[in-house]
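Student: I'd like to learn how to read the features of a model like this one. Let's take them one at a time, general idea first.

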Amino acid sequence: MYDSIVIGAGIAGSTVARQLAEKKGHKVLVVEKRDHIGGNCYDRPDAYGILVHEYGPHIFHTNMEDVFAYLSGFTEWILYENGHQVVANVDGRLIPVPFNLNTLHMIYDKETADVLEKKLKDTYGEGSRVPIMKLREDPDEQIQAIAQYVYENVFLKYTMKQWGQTPEEISPEVTGRVPVLISYDNRYFQDKYQGVPKHGFLAMFHRMLDHENITVRTGTDAKELLEFREQEICFEGQPFKGNVIFTGALDELYDCKYGRLPYRSLEFAFEHLEQEDFQDGHSVVNYTVSEDFTRITEFKYLTRQEDANGTTIVREYPFAYTGAEGEIPYYAIMNPENEALYRKYEKLAQQHANLYLLGRLAEYKYYNIDAMTKKALELADSLPGC
């Protein structure tokens with residue numbers, strides 16, 4: 001009945017399903033455990049008519065022309081003219097993040113800031129992105145002072161809240177995602193395209209999966225349909241020789257046989273306020289030195305709903321994922337020990353020649369939306385057509 005079965009209807013699963021159905025002529029079954037498609041990009045109108053992101057803010061950003069063109073086939077965009085901008089609340093003062101030359105001139109007097117700006121440009125080059133842990137190793141005392149300010153006021157406590165670890169314990173791949181910018185660029189990302197789908201992410205996913213060759217089953221655990229026997233995958237009790245693309249948590253596919261892979265999860269506290277504004281026009285404010293939550297998102301500014309009555313915000317509280325009912329694994333905790341554990345599960349998966357692992361959870365790594373789309377397209381293109 002099906003040429004391919006895709007487990008998960010997030011960006012990875014939806015992209016590979018559409019490409020297989022449209023370009024390869026596959027009959028595709030998409031199985032989604034949640035009662036909706038869209039994965040963590042899922043959005044919905046709240047009770048007050050404001051479009052909110054159920055699983056935290058998602059902004060599409062990319063320099064990949066082919067990925068932008070591909071997704072543009074399923075949506076129009078609200079592109080941010082000045083990019084996505086984030087500020088940090090440092091003891092009640094709002095400063096741009098990542099830390100950049102504008103931030104530098106906010107915290108130092110002009111004479112000192114001018115000297116420090118020249119040093120940073122001479123040492124690292126104008127326009128460069130310097131990971132904070134690298135900046136802390138600079139032998140110049142004045143640059144070290146900048147690094148220490150950023151470390152203590154922007155990085156340390158926020159990182160410990162987000163990851164439950166000190167920065168020294170976290171993978172450089174993670175710490176490198178929060179650099180110091182040697183520029184006056186206030187954008188959180190430096191990509192050419194930044195924004196959100198004009199009619200929401202969910203509408204985009206519906207268009208992606210709207211194809212005569214695609215069947216979608218939501219509210220369905222794939223393990224109710226598929227059995228992963230030794231060297232054989234069975235679908236509804238019968239051997240299945242087609243492609244199985246798995247985008248879920250790999251350890252949970254094998255019932256955490258070797259132990260659970262560690263993740264960080266998030267709790268979201270939504271609140272609607274009968275006031276026109278909560279964060280002075282800022283869509284995202286990070287709380288880097290205070291509060292138990294990491295950030296507040298005000299959706300009317302994220303999705304350009306400034307004419308909405310009132311405003312809806314969400315606070316994010318990180319915690320350690322345990323696998324309990326209702327918890328969602330968001331961020332893989334990448335270190336040598338956890339990666340070694342992942343490899344044991346990957347080896348189990350490799351006994352199935354027709355099983356392909358795709359996505360943050362299945363590959364135990366971090367992907368932005370554009371990189372995930374690109375990889376899904378490449379996987380689909382590598383598989384034979386009908």
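**Backbone oddities**

Tutor: Start with proline 98, which sits in the loop between β8 (93–97) and α3. Helices here are DSSP runs of H or I with at least four residues, strands are runs of E with at least two, and both are numbered from the N terminus. Bear in mind that this is a predicted model, where local features need pLDDT of at least 70 and side-chain atom pairs count only at pLDDT 80 or more, while totals for chains, interfaces and linings use all residues. Residues are numbered from 1 along each chain as its sequence is written, and side-chain values use heavy atoms, with hydrogens and water left out.

Student: Which peptide bond is cis?

Tutor: As a general idea, most peptide bonds are trans, and most residues other than glycine have a negative phi. Here, the bond from valine 97 to proline 98 is cis, its omega being near 0°.

Student: And where does phi turn positive?

Tutor: Glutamate 236 has a positive phi of about 50° without being a glycine, and the loop between β14 (232–235) and β15 (238–239) is where glutamate 236 lies. Aspartate 255, in the loop between α9 (250–253) and β17 (263–273), also has a positive phi, near 55°. For contrast, there's a glycine: glycine 25, just after α1, with a positive phi of about 70°.

Student: Is aspartate 255 buried or exposed?

Tutor: Buried means under 20% relative accessible area and exposed means over 50%, with partly exposed in between (1.4 Å probe, protein chains only). Aspartate 255 comes out at 59% relative accessibility, so it counts as exposed.

**Helices**

Student: How do I check that a helix has the length it should?

Tutor: The expected span is 1.5 Å times one less than the number of residues. Helix α1 (residues 11–23) has 13 residues and should span 18 Å; its end C-alpha atoms are 17 Å apart, which agrees. Helix α13 (residues 369–382) has 14 residues, so the expected span is 20 Å, and its end C-alpha atoms are indeed 20 Å apart.

Student: How many residues of α1 are buried?

Tutor: In general, an α-helix has 3.6 residues a turn, so residues three or four places apart point the same way. α1 is mostly covered, with eleven of its 13 residues buried; the buried stretch includes Ile11, Val16, Arg18 and Leu20. Glutamate 22 belongs to α1 too, but with a relative accessible area of 38%, glutamate 22 is partly exposed. In α13, the buried residues include Ile369, Met372, Thr373, Ala376, Leu377 and Ala380.

Student: What about threonine 103?

Tutor: Threonine 103 is in helix α3 (residues 101–107) and counts as buried, because its relative accessibility is 0%. Sequence separation is one thing and spatial separation another: threonine 103 and serine 14 are 89 residues apart in sequence and 40 Å apart in space, C-alpha to C-alpha.

**Cysteines**

Student: How many disulfides does the whole structure have?

Tutor: The test is a pair of cysteine sulfur atoms within 2.5 Å. Searching the whole structure turns up zero disulfides. Cysteine 41 counts as buried because its relative accessibility is 7%, and so does cysteine 234, at 0%.

**Cavities and pockets**

Student: How do I tell a cavity from a pocket?

Tutor: Work on a 1 Å grid over the protein atoms alone: a cavity is a set of points where a 1.4 Å probe fits but cannot get out, while a pocket is an open set with protein on both sides within 12 Å along at least five of seven lines, and lining residues have an atom within 4 Å of a point. Points are joined across faces, edges and corners, and volume is the space filled by probe spheres set on them. By this rule there are three cavities of 30 Å³ or more. The largest has a volume of about 70 Å³. Twelve residues line the largest cavity, and those closest to its centre are Tyr330, Tyr331, Ala332, Lys365 and Tyr366.

Student: How does the lining of the largest cavity divide into nonpolar, polar and charged?

Tutor: Ala, Val, Leu, Ile, Met, Phe, Trp, Tyr, Cys and Pro count as nonpolar, Asp, Glu, Lys and Arg as charged, and the others, Gly among them, as polar. The largest cavity's lining has nine nonpolar, no polar and three charged residues.

Student: And the second largest pocket?

Tutor: The second largest pocket holds about 290 Å³ of space. Its lining has 16 residues, with Gly83, Gln85, Gly281, His282 and Ser283 nearest the centre. By class, that lining has six nonpolar, eight polar and two charged residues. With bounds from an automatic or database domain assignment, domain 2 (86–182) and domain 3 (263–321) both give residues to this lining, so the second largest pocket lies between them.
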